[in-house]
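Grab a pencil and open the viewer. Below are some short exercises, each with a solution you can follow step by step.

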Amino acid sequence: MLFGDEHVQKYEETDGEVGHVWQDGVPTLILTTTGRKTGEPRKFALIYQTHGDAYVVVASKGGAPDDPGWYKNLVAHPNVKVQVGAEKFDAVARTASAEEKAELWPMMAAVWPSYDDYKVKTSRDIPVVLLDPA
């Protein structure tokens, strides 16, 4: 099972042949953000689904009380890079509105049911993010 930096490394080395389809057949992408403090690129493997032309990810951090670093990075710097399988592209990240989230959350929880567990575990409003190809 791939996690963290190893997941990113294997994904990039194989153009997604290893790592795109992850645990239980769940698809993942590589999100590259700009560090809000360092200005350095930061890469993360995240579960995704598509919605129209956008890619949807959830800033769950396993239900932790604070948002994940990658989410804080993209709020500060919304221009990101995305890799889905072998395809690489620039995107603009934005947090889903309450109306969009009401539609997108069930779609994401259907793919990764633990999202519903994470939502109960934390008092924060877990952000859903749309990555719109630039």
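The exercises start with the whole chain and then move in to single residues; keep in mind that this is a predicted model.

**Exercise 1. Walk along the protein chain and work out how many helices and strands there are, and in which order they come.**

Solution.
- Step 1: Count the elements. You should get four helices and seven strands.
- Step 2: Write them down from the N terminus on. The pattern is α-β-β-β-β-α-β-β-α-α-β.

**Exercise 2. Decide how the overall dimensions of the chain fit what a compact globule would have.**

Solution.
- Step 1: Start from the expected value. A compact globule with 134 residues would have a radius of gyration near 14 Å.
- Step 2: Compare. The protein chain has 14 Å, so the value agrees with that of a compact globule.
- Step 3: Add the box. Along the principal axes, the C-alpha atoms fill roughly 35 × 35 × 30 Å.
- Step 4: Check the inside and the outside. Buried residues make up 44% of the 134 residues, while the chain exposes about 7,000 Å², with carbon and sulfur atoms supplying 50% of that area.
- Step 5: Look at contacts along the sequence. Take those between residues at least 6 apart: 62% of them join residues at least 24 apart.

**Exercise 3. Sketch the sheet: in what order do the strands lie, and which are the edge strands?**

Solution.
- Step 1: Recall the general idea. Strands of a sheet pair through backbone hydrogen bonds, either parallel or antiparallel.
- Step 2: Put the strands side by side. The seven strands form an open sheet in the order 2-1-5-6-7-4-3, with antiparallel pairing.
- Step 3: Find the edges. Strand 2 and strand 3 (49–51) each pair on one side only.
- Step 4: Add the twist, which averages 35° from one strand to the next.
- Step 5: Zoom in on one pair. Strand 6 and strand 7 are joined antiparallel by five bridges, and Thr 95 sits opposite Val 129 in strand 7.
- Step 6: Lay a helix on your sketch. Helix 3 lies across strands 2, 3, 4, 6 and 7, and its angle to strand 3 is about 150°.

**Exercise 4. Describe the partners of strand 1 and decide whether this strand is largely enclosed or not.**

Solution.
- Step 1: Take strand 2 (residues 41–47). Seven bridges join it to strand 1, and the two run antiparallel.
- Step 2: Match residues across this pair. Ile 30 has Ala 45 as its bridge partner, and Thr 33 has Arg 42.
- Step 3: Check the hairpin. There are six residues between strand 1 and strand 2, and Gly 39 takes a positive phi near 75° there.
- Step 4: Turn to strand 5. It also runs antiparallel to strand 1, with three bridges; Thr 32 is partnered by Lys 81.
- Step 5: Conclude. Six of the seven residues in strand 1 are buried, so the strand is largely enclosed by the rest of the structure.

**Exercise 5. Find the largest nonpolar core and say which residues have the most contacts inside it.**

Solution.
- Step 1: Pick out the hub residues. This core has 21 residues, and Leu 29, Leu 31, Trp 70, Val 82 and Leu 131 have the most contacts within it.
- Step 2: Trace where they come from. The elements giving two or more residues include helix 1 (4–13), strand 1 (28–34) and helix 2 (69–76).
- Step 3: Spot the other core. Another one, of 18 residues, lies apart from it; Trp 22, Val 56, Tyr 118 and Leu 130 are among its members.
- Step 4: Go back to Leu 29. Beyond its neighbours within four places in sequence, its contacts include Tyr 11, Phe 44, Val 82 and Leu 131.

**Exercise 6. Classify Lys 101 and Pro 78 as buried, partly exposed or exposed.**

Solution.
- Step 1: Locate them. Lys 101 belongs to helix 3 (residues 98–111), and Pro 78 is in the loop between helix 2 and strand 5.
- Step 2: Apply the cut-off. Buried means under 20% relative accessible area, so Lys 101, at 14%, counts as buried.
- Step 3: Do likewise for Pro 78. Its 32% makes it partly exposed.
- Step 4: List contacts beyond four places in sequence. Lys 101 touches Ala 96, Pro 106, Asp 125, Ile 126 and Val 128, whereas Pro 78 touches Ala 91, Val 92 and Ala 93.
- Step 5: Note one distance. Pro 78 and Val 92 are 14 residues apart along the chain, with 5.4 Å between their C-alpha atoms.

Methods
Residues numbered from 1 in each chain as written. Predicted model: local features only at pLDDT ≥ 70, side-chain atom pairs only at ≥ 80, totals over all residues. Heavy atoms only, no water. Core = buried A, V, L, I, M, F, W, Y, C linked by side-chain atoms within 4.5 Å. Buried < 20%, exposed > 50% of the residue type's maximum accessible area, 1.4 Å probe, protein only. Contact = heavy atoms within 4.5 Å. Pairing = 2+ DSSP bridges. Rg over C-alpha atoms; globule rule 2.2 N^0.38 Å. Areas by Shrake-Rupley, 256 points an atom, 1.4 Å probe, with all protein chains shown as cover. Axes fitted to C-alpha atoms, helices over the stretch in contact; angles between N-to-C directions.
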